[in-house]
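Biologist: Please take a close look at one part of this model for a first-year student, and then set that part against the rest of the chain. I would like one connected account.

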Amino acid sequence: MSAQGTPQEIGQISFGLMDPEEYREMSATKVITADTYDDDGFPIDMGLMDPWLGVIDPGLECKTCGKHSGSCNGHFGHIELAAPVIHVGFAKLIRRLLRGTCRECSRLTPVDGRRTADAEQAAEERKRHYREELRRATELSNDPSDVLKSAIRECRKVDYCPYCGAKQFDIKHEKPTTYYEIIEVPHSNLSKRLERAMDPEEGEAVTPDDVAGELDDAGFDAGRIRELLSGTYRPDRNDIERLKNLSRALGRLNDLETVDEDLSSSAEYLVQEDMDKLMPSDIRDWFEEIPDEDIEAIGINPERSRPEWMVLTVLPVPPVTARPSITLDNGQRSEDDLTHKLVDIIRINQRFMENREAGAPQLIIEDLWELLQYHVTTFMDNEISGTPPARHRSGRPLKTLSQRLKGKEGRFRGSLSGKRVNFSARTVISPDPTLSLNEVGVPERVATEMTQTMNVNERNLEEARRYVANGPEGHPGANYVRRHDGRRLKVTEKNCEELAEKVEPGWEVSRHLIDGDIVIFNRQPSLHRMSIMAHEVVVMPYKTFRLNTTVCPPYNADFDGDEMNMHALQNEEARAEARVLMRVQEQMLSPKMGENIIGAIQDHISGTYLLTHENPQFNETQALDLLRATRTDELPDPDGVDDDGRAFWTGRTLFSELLPDDLDLEFTSSAGDTVVIEDGQLLSGTIDEDAVGAFGGEVVDTVAKAYSKTRARILINEVAALAMRSIMHFGFSIGIDDESIPPEAQERIDEAIDNANDRVGELIAAYEAGELEPLPGRDLSETLEMRIQQQQGRVRDTAGEVAEEYLGEDNPAVVMAQSGARGSMLNLTQMAGCIGGQYVRGERIHRGYENRTLSHFEEGDLTAEAHGFVEHSYRSGLDPKEFFFHAMGGREGLVDTAVRTSKSGYLQRRLINALSELEAQYDGTVRDTTDNVVQFEFGEDGTSPVEVSSSVDESAVDVEEIADRVVDAEFDDDEEKTRFLGGEREPLNLSEHADDWWMEAAGGD
Ligand SMILES: [Mg+2]
Ligand SMILES: [Zn+2]
Ligand SMILES: [Zn+2]
């Protein structure tokens, strides 16, 4: 491709079909030989690797353009097909056109020729209507193919052509590329019956001439009748009517009193439906006759695409560069799948021609034709349902044209919209609570591979030399240098010392990643903004990326084998943008919820709960240990003195050390008590999920919004550190015994179950006796179902209450459930008390055998037990029936998630593709790539969801609070402030003000 010929702007792209003549014109050579290379390894002339088609071997010259491999893009060739074949890609359109046009004159048939007086004129009128619809569709940017579809639907209904009056038949399409016409033919035993009628056992025989005479002008001549008798008759369409006349005529002939009853009485027995296969050549002939104006009326541009071009007579052969062969280690060549397919096509094409010339029987010709069609079809698409895919000898299906383009690995999604990138790394992640949430631990092996470009100057000269001297293996070293003249030199263990001496200002050094570098970190599926954030590097030993556990929620990461990607940034602009916009702390507030998405999770929460719930006391050593990983290096005043006279500090006091000094806050905790924070001191309440948790922990959220992201980052880091020391101080574990309840508790649960079973029994009895009162809008069986579910729910509630009562406040599982660290009271109920009813699609389990769920129950058994109620707890264990029901209920959840993720993934893809060109501009508007304004203000209100309150009872923007803050910041003392606020403003006439502004802007006097 020449540079000066590259278009600067694309005006429009039109799609259409290719004229076979066009294929021949653009072809560099005709391909007739199915072979590729001769014994000496040279491409065979007019073979599939002909040098006219381009070159892939270095050293050879392209015969068409004279260039060498690498600069020659390759050239198309062509194969002359021995017989036309259907292009699979157009199978549907071919079907539509066959159905919509006349089988005799090929014209579009929008009205019925028998039913309308002036059919031709009415047809023209309909076509004008289609054109109008097309114009409207284009104007409204609707899909013009909808017009085509509805037009064809109309044309298909027609029985007689409005132009030539020919009878029309329906078209049957057998996928992928076979078409039949469903026609009426003389019944298979017609000739025999006719013979019998003409030569009855009693009476005189009549000759065909007699019959023809009787029929006179409305029927057959004697020749046709002889054909009928001999069975060689092929009906002409109008003959069907004549055939019916014939039966009546035979009946009228006096000699034929004993005529075959069927033949004389009912014309229906004369004909039968038959499928007449349309060969591609028939279709081509049919389509050739369709007038340009007719296809134009249904939205096909006849200048670009003639319908007969959908039936191929010439097959273009892609250039060799599009299907390069690879040379294996043993010198053998391995050809591309497309080449293999082309070999098949040429072979069959050859055989077809030979057989036809030799005058082979029609059956053989048809078989070969079908085979040729199969090879051409699979050459274009090898994943057609109902067609066995073409396979390699190994059994692997061939990857042909459509497979190269389609799907995730295809050309569009795999090679054009997404590509592999340099300076990226991927490995397993693991947790490291000692890192800041802004940091990422990078393995040394990754750090020595990913480099940053250093522009050497006087100030960093020594540093740069040090990196180079360390070589590519020592960390922190360098991998490449670039000299003044632009030459790039690889730093090796051998030359590094020497090269380091030579480094001077103006050079570029590609140094290893070091602590503090900024990189981008990502976990798939990247569904929201926080899936890609910038972290600061901390180079570490071993092979995993290390993260602080507080950033797990935004990435939705855990450490069960999750892998993440890292990208090293390659210029200052990118690094600056990443640091300012993408750093983890800047992403702390989620745009989805308007609350913090980063915060304490799991053990952090248990830790702060243990520290603050009962406000325990600590001696000096313990207090210092708890705060050792925070900035606090001096303990606050002690809260008091214990019995031994030693000073002590309470948990809440220690926690308060992490809070900003002037923080005032009051809210209800997850545990249910009221948290009061005044002047940065936690006075009462439990610090748990609602205070410091990810997803809207009140304290974290407030600090992030009212102080700064940096302050919030410090807070989260320190809360996590304090919580870890705290949970280690107290010790925290759960075991199976933590879920056991005493026998009397079990008895109470059993009693509740028995009660419910009794109630269910009563409900069933009432239902069966027809005495059940239906709920509004429900029928009886629905009512029963709902009432039983209600009873089962009640059992579980009771079990929950009992479990809660006996398990106690300090049970670790209860602590986790109440603090919001992990799990719920329901989980505990199911472990300790009773699992409860299992449901599929919101109903008790009904499926299984006939009228029963399992063969263990009697038919029609409606009890709770027979429909999936699990009385046992996870701890006590399920019986086999319960286990089976439980698996059924569990399966639904698994299937739901699997289905949901794939569905929502596809929706996401479409939404992203639809919105990808929209961009918020610096002037506040949202525009597409052609500068059309989509929104004058981002989101129509110009507010960012993270800067706005999301709670229902507050207004989105607290104007008063903001105004107070601004005024406070503006004035140093109260006097100044009062003067400002109290001072009266000069009245402002808006229109005059606008005038002033206008004059100034216009540069007037
Ligand atoms: Mg995982
Ligand atoms: Zn070339
Ligand atoms: Zn016609």
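Modeller: Asp 560 is exposed, because its relative accessible area is 63% and the cut-off for exposed is over 50%. This is a predicted model, and the values given here are computed from it. I start with Asp 560 because it is one of the residues that coordinate the magnesium ion (ligand 1), and that site is the part to look at closely.

The magnesium ion (ligand 1) is held by Asp 558, Asp 560 and Asp 562, each through an OD atom, at 2.0 to 2.1 Å. To find these donors in the sequence, look for the spacing D-x1-D-x1-D. Asp 558 has a relative accessible area of 35%, so this residue counts as partly exposed, a class that lies between the 20% limit for buried and the 50% limit for exposed. Asp 560, at 63%, is exposed. Water is not among the atoms, so a metal site may look incomplete.

The zinc ion (ligand 2) can be set beside this site. Its protein donors are the SG atoms of Cys 62, Cys 65 and Cys 72 and the NE2 atom of His 75, which lie 2.0 to 2.2 Å from the ion. Along the chain, the donor residues of the zinc ion (ligand 2) follow the spacing C-x2-C-x6-C-x2-H. The angles among the four donor atoms run from 102 to 113°, and the site is tetrahedral. Cys 72 and His 75 are both buried, whereas Asp 560 at the magnesium ion is exposed.

Next comes the largest pocket, which has a volume of about 1,800 Å³. Its lining has 38 residues, and those nearest its centre are Lys 408, Asn 522, Gln 524, Pro 525 and Ser 526. Two or more lining residues come from each of α15 (411–416), β8 (424–431), α19 (552–555), β17 (563–568) and α31 (880–915). The most come from α31, which gives eight residues to the lining.

Last, the chain as a whole. The protein chain has 34 helices and 30 strands. Of its 1005 residues, 42% are buried. Its accessible surface is about 56,500 Å², with 48% of that belonging to carbon and sulfur atoms. Among contacts between residues at least 6 apart in sequence, 65% join residues at least 24 apart.

Technical notes
Residues are numbered from 1 along each chain as its sequence is written. Chains are lettered from A and ligands numbered from 1 in the order in which they are written. This is a predicted model: local features need pLDDT of at least 70, side-chain atom pairs count only at pLDDT 80 or more; totals for chains, interfaces and linings use all residues. Side-chain values use heavy atoms; hydrogens and water are left out. Donors are N, O and S atoms within 2.8 Å of the metal (3.2 Å for Na, K and Ca); water is not among the atoms, so sites may look incomplete. Buried means under 20% relative accessible area, exposed over 50%, partly exposed in between (1.4 Å probe, protein chains only). Four donors count as tetrahedral if all angles lie between 85 and 135 degrees; four count as square planar and six as octahedral if opposite donors are over 155 degrees apart and all others between 65 and 115; anything else is irregular. Helices (H or I, at least four residues) and strands (E, at least two) are DSSP runs, numbered from the N terminus. Contact means heavy atoms within 4.5 Å. Accessible areas come from the Shrake-Rupley method with a 1.4 Å probe; for residues, only the protein chains shown count as cover. On a 1 Å grid over the protein atoms alone, a cavity is a set of points where a 1.4 Å probe fits but cannot get out, and a pocket is an open set with protein on both sides within 12 Å along at least five of seven lines; lining residues have an atom within 4 Å of a point. Grid points are joined across faces, edges and corners, and a volume is the space filled by probe spheres set on the points.
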